[in-house]
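Please look through the structure below at your own pace, and then follow the explanation, which begins with a contact between two helices and afterwards turns to one residue and the chain as a whole.

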Amino acid sequence: MQKPEPSSIPLTPGVYLYKDAKGRIIYVGKARVLRRRVLSYFRPEGLPAKTRAMLSHAVSIEYLTTTTEKEALLLEASCIKKHRPHYNIVLRDDKQYVLFRINPKHPFPRLEIVRQARRDGARYFGPFTSALAARETWKLIHRAFALRRCTDKAMKNRVRPCLYHFMGQCPAPCMGLVTSQEYNENVRKVTDLLQGRSAELLGSLRAAMEQASEDLEFERAASLRDQIRAVESTVERQAAVLPGGGDMDAVGLFAADRGLALGLLFVRNGAVTDGRAFYWPGLTFEDAPELLWSFMGQYYSQATPPPRVLLPWIPADQEEAEDAESNEGAEAVPQTGGLSTRETLEQTLADRRGGAVRIVPPQNAGDNQLIDLAQSNAREEARRQEQKSELNILERLARALHLPELPMRIECVDVSHTGGQQTRVGMVVFEDGKPERSQYRAYAMPDSGDDYATLYAWVARRLESGPPWPDLLLIDGGRGQLGAVQRALREAGKEDLFALAAIAKARDEEGHADRRAGNVADRIFVPNRSNPLPLREGGPELLFLQNVRDNTHRFAIGRHRRARQGAALSGELMRLPGIGPATARLLWDNFGSVEAMRAASVDDLCRIPGIGPAKAALLREKLRGLD
């Protein structure tokens with residue numbers, strides 16, 4: 001990529017996006033001063049190998065300006081999550097972890113399992129990466145401490161105690177069989193357990209059990225004994241690492257032979273509650289600083305951070321170094337003296353948490369032990385990942401189809417119609433080998449009954465849509481469908497825009513297409529080759545392409561059926577006096593079925609744009625009379 005003109009680059013904080021020849025975003029970065037940061041990519045030497053590779057594929061750059069560095073940090077994390085650029089360090093395991101939630105505002109709180117902490121005044125405990133282990137702990141707590149399990153709505157509507165009450169696992173607050181003070185004593189015990197104050201809880205339970213025994217209350221003593229055993233079995237899984245208690249996350253890195261791994265430990269109330277490990281192939285220790293900052297920004301954009309995050313070291317601030325080294329354009333670039341990356345991230349995480357967050361290196365021997373434990377988890381993850389000797393499915397696919405690059409984005413199309421009516425072309429998108437349902441599209445095409453002509457016309461519609469372009473366009477059909485698409489691209493002067501392939505169903509004994517899902521005898525055609533490719537039946541490459549095709553076939557048929565139902569419904573509605581095509585379309589779009597329309601009130605109909613009270617009353621009368 002050629003160096004941009006310095007005067008064309010903003011002097012504000014913001015985000016910059018490098019794009020390749022197909023218009024795809026291949027790298028996202030944030031900057032305190034965009035001009036200085038972007039110009040640093042065009043130094044004569046000193047660039048990392050990954051950056052040089054990115055620049056060799058980039059052809060253009062765009063800028064999104066912000067007013068503060070913190071806004072730029074948040075925007076960068078959002079863009080990386082949305083576009084998953086090839087040259088960014090992307091956190092692909094972005095699931096929400098499991099948390100326990102107790103709402104102290106309710107007179108009879110319940111213990112819930114949730115996936116996201118909210119600022120709602122409730123108390124949250126966790127996180128736990130294993131939902132199964134969290135649910136087992138949840139069951140154990142309910143067996144030991146009687147708390148309600150039903151929702152607030154179910155509790156209000158109960159007319160008799162539930163089964164758990166008769167099992168001794170719920171005090172039935174719904175029926176007024178327990179006071180709020182008595183109930184919340186169990187809530188306090190559960191809170192103590194989840195906060196790590198197990199020693200105090202066990203001491204009070206043992207004292208209460210001994211007192212019950214002296215008072216000859218043997219049933220109560222047995223219940224307390226069971227509670228003690230449940231607490232002990234829960235606590236024994238956790239290793240105390242902070243004698244004084246406290247919450248933190250500890251991060252460790254390990255540079256393996258073929259990639260870089262990161263281990264993350266969750267320390268809650270002084271005990272290690274869980275951990276997680278990630279692996280990025282192709283990275284080296286040279287990429288560690290970017291990995292740490294990028295991981296923090298992405299991971300804590302969806303998880304509530306603890307008050308302290310422990311890193312193996314604090315990476316040098318790249319933008320501060322650029323302030324000192326910047327020569328070209330120095331007169332035009334202001335010296336900002338702004339916040340460091342660490343300070344900006346701490347402020348951002350503090351907003352997320354609702355309290356102060358500190359990012360620190362190890363301070364003592366205990367901190368170093370946590371870093372070593374996180375690094376050990378990272379080492380194990382790297383070993384496990386690198387033992388996988390088989391090629392990635394996209395690498396296999398690129399080799400099997402003789403593609404020039406990995407098919408990171410695959411689009412697949414299929415034509416669906418009934419007797420040439422309500423023709424739809426369904427298009428599904430797979431990115432990084434996974435379906436991206438938000439990018440599925442259905443194209444309404446002229447009714448012709450000719451699949452070849454429909455695909456030929458569809459190509460023009462797809463080119464009008466613009467980038468991002470696929471690395472591979474897969475067509476549900478044989479040589480004829482493939483030829484129609486290839487001819488349309490050639491006549492548009494776009495024959496080399498992306499690779500093409502077609503997947504054809506095998507034929508049964510009568511010559512009809514065998515539409516069974518998972519049919520291992522499907523054939524793959526590519527341009528300029530008369531015979532199908534020799535893909536192994538049941539091999540991962542063919543099975544993957546079949547899965548893509550089957551998703552497309554279901555999507556196209558679904559959209560065609562919806563169009564057909566809409567046409568039938570509109571025809572039925574337009575039999576009624578005073579309902580024309582426009583009104584029929586509005587009713588269909590807002591209600592979706594005749595039954596829903598007939599059940600609609602005048603107020604429901606008035607909410608539709610363009611329909612007033614008088615017309616709504618008339619429509620309601622006509623719809624009620626519809627057979």
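In this predicted model, a set of residues in helix α15, namely Tyr452, Leu455, Tyr456, Val459 and Leu463, meets Gly480, Gln481, Ala484, Val485, Arg487, Ala488, Leu489 and Glu491 in helix α16. Sorted by character, the residues of this contact comprise nine that are nonpolar, two that are polar and two that are charged.

How two such helices lie against each other can be put into a few terms, since a packed pair is described by the angle between the axes and by the distance between them. Here α15, which covers residues 451–465, and α16, which covers residues 479–491, pack at an angle of about 40 degrees, and their axes are 8 Å apart. With that angle, α15 is oblique to α16, and the crossing of the two helices is right-handed.

Helix α16 is also the place of glutamine 486. Is this glutamine 486 buried or exposed? Glutamine 486 has a relative accessible area of 13%, and because buried means under 20%, glutamine 486 counts as buried. When its neighbours within four places in sequence are left aside, glutamine 486 is in contact with Glu495, Leu500, Pro527 and Asn528.

Turning to the whole chain, one finds 21 helices and 19 strands, and of its 627 residues 46% are buried. Among the contacts in the chain with a separation of 6 or more, 62% are between residues 24 or more positions apart. The accessible surface of the chain comes to about 31400 Å², and carbon and sulfur atoms account for 50% of that surface.

Notes. Residues numbered from 1 in each chain as written. Predicted model: local features only at pLDDT ≥ 70, side-chain atom pairs only at ≥ 80, totals over all residues. Heavy atoms only, no water. Axes fitted to C-alpha atoms, helices over the stretch in contact; angles between N-to-C directions. Helix = DSSP H or I, 4+ residues; strand = E, 2+ residues; numbered from the N terminus. Parallel < 35°, antiparallel > 145°, perpendicular 65-115°, else oblique. Left-handed = near helix turned anticlockwise from the far one by under 90°. Contact = heavy atoms within 4.5 Å. Nonpolar A, V, L, I, M, F, W, Y, C, P; charged D, E, K, R; others polar. Buried < 20%, exposed > 50% of the residue type's maximum accessible area, 1.4 Å probe, protein only. Areas by Shrake-Rupley, 256 points an atom, 1.4 Å probe, with all protein chains shown as cover.
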